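Here's a quick tour of how the strands and helices in this model fit together. Take a look at the picture first, then read on.

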Amino acid sequence: MRNRRSLVLSVGGICLLGFVIGCASSTPSAEGHRPRKHENGKGIGAPMPSVVVRVLDGGRKIDLGSLRGKVVLIDIWASWCAPCLEEMPLLDDMAVRLKSKGIEIIAVSVDENKDDARTFLGSRDKWSLTVAHDPKGTVPEVLNPPKMPSSYIVDAQGVLRFVNEGFDRGDIKKIENRLTALAAEGS
């Protein structure tokens, strides 16, 4: 019995360590994105799948697959992910800069408990980006994010164009450049 418990604890510890390393790792692929397959077998270059989330406060529904007419960044984050917490204020600052260009940033919390997300969000008086909540993990189930956080850039026609895996401070400028370039294409 004791050996079995030790084995279970050892395997559990190894799995947890692998998850933490995966969350903290922010090394993007050579282009900062890699084609990922959605549940429906489509990825970069395909329409963004229809996934419905609710705005954290207010409960308004957003279908991530029906946001045509504007360039959208969809970021998957959680309060327990350290790189996510560093990234969120930078994305919020970006949302302020890019709103006038028709670019929307939606940060989808995958925290099971809404209060965990709210506690983190309390670190700022006001957020300019749209914060949605996906407690059942439907968005990551469909998009299959390679790391936490992962950002998905969708063009004005609703087509997934880029995936940014993980987060590094240098990613912010790259993400902003991609968003503004796509917005300029649509003008």
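Two strands count as paired if DSSP finds at least two bridges between them. Helices (H or I, at least four residues) and strands (E, at least two) are DSSP runs, numbered from the N terminus. This is a predicted model, where local features need pLDDT of at least 70, side-chain atom pairs count only at pLDDT 80 or more, and totals for chains, interfaces and linings use all residues. Residues are numbered from 1 along each chain as its sequence is written, and side-chain values use heavy atoms, with hydrogens and water left out.

**The sheet**
- Seen as a whole, the strands make an open sheet of 7 with mixed pairing, in the order β2-β1-β5-β4-β3-β6-β7.
- At the edges sit β2 and β7 (160–165), each pairing on one side only.
- From one strand to the next, the twist averages 30° (axes are lines fitted to C-alpha atoms, for helices over the stretch in contact, and angles run from 0 to 180 degrees between N-to-C directions).

**Strand β1 and its partners**
- β1 (residues 52–55) runs antiparallel to β2 (residues 61–63), with 3 bridges joining them.
- V52 has D63 in β2 as its bridge partner.
- The hairpin of β1 and β2 has 5 residues between the strands, and G58 there takes a positive phi near 115°.
- β1 is also antiparallel to β5 (residues 130–133), through 2 bridges.
- Across from R54 you'll find H133 in β5, while V55 stands opposite A132.

**Helices on the sheet**
- Helix α3 (residues 114–121) packs on the sheet and touches β3 (71–77), β4 (103–109) and β5; contact means heavy atoms within 4.5 Å.
- The direction of α3 makes about 110° with that of β3.
- Helix α5 (residues 171–185) lies across β3, β4, β6 (150–154) and β7, running at about 175° to β7.
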